[in-house]
Amino acid sequence: QPWDHVPLGKSYSCGLTSTLFNITTNPKYGLTLDGLQVQAFITDGQTKFGNSWDCVGFFTIPIWTGIFTAMVMVIILAFGLYMLSDVKTMDRFDDPKGKHFMMTPGSSD
């Protein structure tokens, strides 16, 4: 049952539609609850529900999407840094005192 983990003094609420069925009887009966809120222990003089413990988990779809997108971007960044770290510079350069390389336009036959 989802409300087993609710701390004392708080109420359990769920905006999602909950459906309960009794399949042992014939005909089968069902109960649909929309916007359920229950509290097990209400102290004396308390007329309203306590703070709500909602049924939505911490990791919702937008949070998972953000985590996935961030991980993809980190992987791309790490791959790019790895590729940049492997770039080698030339170890030979032109000798200014040596013979220069010259290209002349060739004649067409």
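**Isoleucine 67.** I looked up isoleucine 67 first and found its place in helix 1 (residues 61–85); helices are DSSP runs of H or I with at least four residues, strands are runs of E with at least two, and both are numbered from the N terminus. This is a predicted model, where local features need pLDDT of at least 70, side-chain atom pairs count only at pLDDT 80 or more, and totals for chains, interfaces and linings use all residues. Residues are numbered from 1 along each chain as its sequence is written, and side-chain values use heavy atoms, with hydrogens and water left out.

Buried or exposed, or partly exposed? I noted isoleucine 67 as partly exposed because its relative accessible area is 37% (buried is under 20%, exposed over 50%, partly exposed in between, with a 1.4 Å probe and protein chains only).

**Serine 13.** Next I went to strand 1 (residues 11–22), which holds serine 13. I have serine 13 down as buried because its relative accessible area is 13%. Which residues does serine 13 contact, leaving aside its neighbours within four places in sequence? I listed Leu36, Gln37, Ser52, Trp53, Asp54 and Cys55 (contact means heavy atoms within 4.5 Å).

**Whole protein.** I counted one helix and three strands, and the pattern along the sequence reads β-β-β-α. Of the 109 residues, I found 7% to count as buried. I also checked contacts between residues at least 6 apart in sequence: 49% of them join residues at least 24 apart.
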